[in-house]
Amino acid sequence: MEFQKFSDIVLTSTAKNNIEINNTKANKGQAIWALADYLGVPRENTISFGDALNDMAMIKAAGTGVAMANACEEIKAVADFITLSNDEDGVAYGIKKFCL
């Protein structure tokens with residue numbers, strides 16, 4: 001069987017039995033910018049939280065990219081801040097620190 005090659009897709013995996021197939025133009029980074037633009041919020045005033053490779057574009061795109069303490073090392077390396085883990089309510093901690 002012959003397989004067609006696609007140059008406009010990206011594969012990510014966030015768990016042992018998980019694979020995500022997306023168009024290169026469809027990612028969480030583009031989504032956060034689209035939402036910010038729609039709401040009239042300057043992009044530099046956005047914040048995102050992530051822990052897995054499928055969050056990379058979002059962490060990079062947000063005005064403040066926050067990695068969870070339990071995030072993979074690649075996400076921690078590009079984040080502006082590392083918060084507590086998922087089990088320690090890291091998102092709530094980050095919202096309190098940056099938004100309230």
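Which residue forms a salt bridge with K76? I looked this up first. The partner is E73, and the closest N and O atoms are 3.6 Å apart. I note that the model is a predicted one.

**Entry: E73 and K76**

I placed both residues in helix 3, which covers residues 73-78. They are three residues apart there, so about one helical turn separates them. I also checked the cover on E73: its relative accessible area is 55%. E73 therefore counts as exposed, since the cut-off is over 50%.

**Entry: the overall layout**

I then stepped back to the whole chain. The protein has four helices and five strands. Read from the N terminus, the order of elements is β-β-α-β-α-β-α-β-α. The C-alpha trace spans about 55 × 35 × 20 Å along the principal axes. The protein has 100 residues, and 28% of them count as buried. I noted an accessible surface of about 7000 Å², with 55% of it belonging to carbon and sulfur atoms. Among contacts with a separation of 6 or more, 20% are between residues 24 or more positions apart.

**Entry: the other salt bridges**

I found three salt bridges in the structure. Side chains of opposite charge can pair when their charged atoms come close.

One of the three joins K28 and D55, with 2.7 Å between the closest N and O atoms. This pair links distant parts of the chain, as the two residues are 27 positions apart. K28 belongs to helix 1, while D55 sits in the loop between strand 3 (47-50) and helix 2 (56-61). I asked how much cover each partner has. K28 is partly exposed at 34% relative accessible area. D55 has a relative accessible area of 5% and is buried, because the cut-off for buried is under 20%.

Another joins the side chains of D37 and R43, at 2.8 Å from N to O. Both ends came out as partly exposed: D37 has a relative accessible area of 46%, and R43 has 32%.

**Entry: strands 3 and 4**

I looked at how strand 3 pairs with strand 4, residues 64-67. The two strands run parallel and are joined by four bridges. F49 stands opposite V66 of strand 4. Between these strands the chain passes through helix 2, and the resulting β-α-β crossover is right-handed.

**Entry: a nonpolar patch**

I9, L11, I19 and I21 make a nonpolar patch on the surface, about 400 Å² in area. I picked out I19 for a second look. I19 is in the loop between strand 1 (9-12) and strand 2 (20-23). Its relative accessible area is 57%, so I19 is exposed.

**Entry: L39**

Is L39 buried or exposed? I found a relative accessible area of 55%, which means that L39 is exposed. L39 is part of helix 1, residues 28-39. I also took its distance to V10: the C-alpha atoms are 28 Å apart in space, and the residues are 29 apart in sequence.

**Entry: D89**

My last check was a backbone angle. D89 has a phi near 60°, a positive value in a residue other than glycine. D89 lies in the loop between strand 5 (81-82) and helix 4 (90-99). With a relative accessible area of 55%, D89 is exposed.

Key
Residues are numbered from 1 along each chain as its sequence is written. This is a predicted model: local features need pLDDT of at least 70, side-chain atom pairs count only at pLDDT 80 or more; totals for chains, interfaces and linings use all residues. Side-chain values use heavy atoms; hydrogens and water are left out. Buried means under 20% relative accessible area, exposed over 50%, partly exposed in between (1.4 Å probe, protein chains only). Patches are made of residues with over 30% relative accessible area and no salt bridge: like charges are joined within 9 Å, nonpolar side chains (Val, Leu, Ile, Met, Phe, Trp, Tyr) within 5 Å. Accessible areas come from the Shrake-Rupley method with a 1.4 Å probe; for residues, only the protein chains shown count as cover. A salt bridge is a side-chain nitrogen of Lys or Arg within 4 Å of a carboxyl oxygen of Asp or Glu. Two strands pair if DSSP finds at least two bridges between them. A crossover is right-handed if, with the strands pointing away from the viewer, the path from the first strand over the helix to the second runs clockwise. Contact means heavy atoms within 4.5 Å.
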